[in-house]
Amino acid sequence: MKILIVEDDMISRKFLSKFLSKYGECDVVVDGMEALDAYLIAEKEKESYDLICLDIMMPKIDGVKVLKAIRDFEKQRNILPENRARIIIITALADTDYVHQAFELGCEAYAAKPIDTDKLIEVMSKLGITKND
């Protein structure tokens, strides 16, 4: 499995990278611009991401705009829903408007910070990304 972690907070980034590395190869970026660059490079090289963990609040481009850009790209390329990247929004925000907006744009799940690894495994399992251990 190929995983993209998009997180501007170093502690969260290191934690997610260490935790998710047992499920697949992790690429880590620190802002929305790098996320879009990494996504487009992976698509160009035909090595699409299976899972993207996407922080909502980031510098340059926020996670909601990144999510929209990825879903728009997939629509333009006629990528079927079952072949799209699974996107889990990561948020420390109590603001449910961002979460609702993310679901409307096509994220599959969200995880609140601090990350509960048991819940993250459960979400990944429900998305068919990994078996529930």
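This report walks through the cores, a helix pair, the salt bridges and a few single residues of a predicted model.

## Nonpolar cores

Start with the inside. The largest nonpolar core holds 24 residues, and Val6, Ile52 and Leu54 have the most contacts inside it. Five elements each put at least two residues into this core: strand 1, helix 2, strand 3, helix 3 and strand 4 (86-91). There is another core apart from that one, with 17 residues, among them Tyr23, Leu51, Ala111 and Leu120.

Val6 is a good residue to click on if you want to look around the 24-residue core. Leaving out residues up to four places away in sequence, Val6 touches Val29, Asp31, Ala35, Ile52, Cys53, Leu54, Asp55 and Met58. Two of the residues on that list, Ile52 and Leu54, are named alongside Val6 for having the most contacts inside the core.

## Helix 3 against helix 4

Two packed helices are described by the angle between their axes and the distance between the axes. Here, the axes of helix 3 (residues 63-76) and helix 4 (residues 96-105) come within 9 Å and cross at roughly 5°. Angles under 35 degrees count as roughly parallel, so helix 3 and helix 4 are roughly parallel to each other.

Which residues in the two helices meet? From helix 3 there are Val64, Leu67, Lys68 and Arg71, and from helix 4 there are Tyr98, Gln101, Ala102 and Leu105. Sorted by class, this contact has five nonpolar, one polar and two charged residues.

## Salt bridges

Side chains of opposite charge can pair when their charged atoms come close. The count for this model comes to 10 salt bridges. One of them joins Glu47 and Lys2, with the closest N and O atoms 3.5 Å apart. That pair links distant parts of the chain, 45 residues apart: Glu47 is in the loop between helix 2 and strand 3 (51-55), while Lys2 is in strand 1 (residues 2-6). Is each partner buried or exposed? Glu47 counts as partly exposed because its relative accessibility is 42%, whereas Lys2, at 12%, counts as buried.

Lys113 and Glu7 make another salt bridge, and their closest N and O atoms are 3.0 Å apart. This pair also links distant parts of the chain, with the two positions 106 residues apart. Lys113 belongs to the loop between strand 5 (109-112) and helix 5 (117-126), and Glu7 to the loop between strand 1 and helix 1. Glu7 has 0% relative accessibility, so it counts as buried. Lys113 comes out at 23% and is therefore partly exposed.

Then there is a pair within one helix: Lys126 forms a salt bridge with Glu122, the closest N and O atoms being 3.2 Å apart. Both lie in helix 5, four residues apart, which is about one turn of the helix. Lys126 is exposed, with a relative accessible area of 67%, and Glu122 is partly exposed at 37%.

Salt bridges also join into a network, linking Arg71, Glu74, Arg84 and Glu108. Arg71 is a name to remember from earlier, since it is among the helix 3 residues that meet helix 4.

## Ser12 and Lys14 in helix 1

Ser12 is found in helix 1 (residues 10-20). It counts as buried because its relative accessibility is 15%, and buried means under 20%. Setting aside residues up to four places away in sequence, Ser12 touches Glu7 and Lys113. Those are the partners of the salt bridge with closest N and O atoms 3.0 Å apart.

Lys14 is in helix 1 too. At 57% relative accessibility, Lys14 counts as exposed. From Lys14 to Val28 is 14 residues in sequence and 8.9 Å in space, C-alpha to C-alpha.

## Ala38 in helix 2

Ala38 lies in helix 2 (residues 32-44). Ala38 has a relative accessibility of 15%, so it counts as buried. What does Ala38 touch, not counting residues up to four places away in sequence? The contacts are Leu4, Val29 and Tyr49. Ala38 and Tyr49 are 11 residues apart in sequence, and their C-alpha atoms are 9.4 Å apart in space. Val29 is a contact of Val6 as well.

Methods:
Residues numbered from 1 in each chain as written. Predicted model: local features only at pLDDT ≥ 70, side-chain atom pairs only at ≥ 80, totals over all residues. Heavy atoms only, no water. Buried < 20%, exposed > 50% of the residue type's maximum accessible area, 1.4 Å probe, protein only. Contact = heavy atoms within 4.5 Å. Salt bridge = Lys/Arg side-chain N within 4 Å of Asp/Glu carboxyl O. Axes fitted to C-alpha atoms, helices over the stretch in contact; angles between N-to-C directions. Parallel < 35°, antiparallel > 145°, perpendicular 65-115°, else oblique. Nonpolar A, V, L, I, M, F, W, Y, C, P; charged D, E, K, R; others polar. Core = buried A, V, L, I, M, F, W, Y, C linked by side-chain atoms within 4.5 Å.
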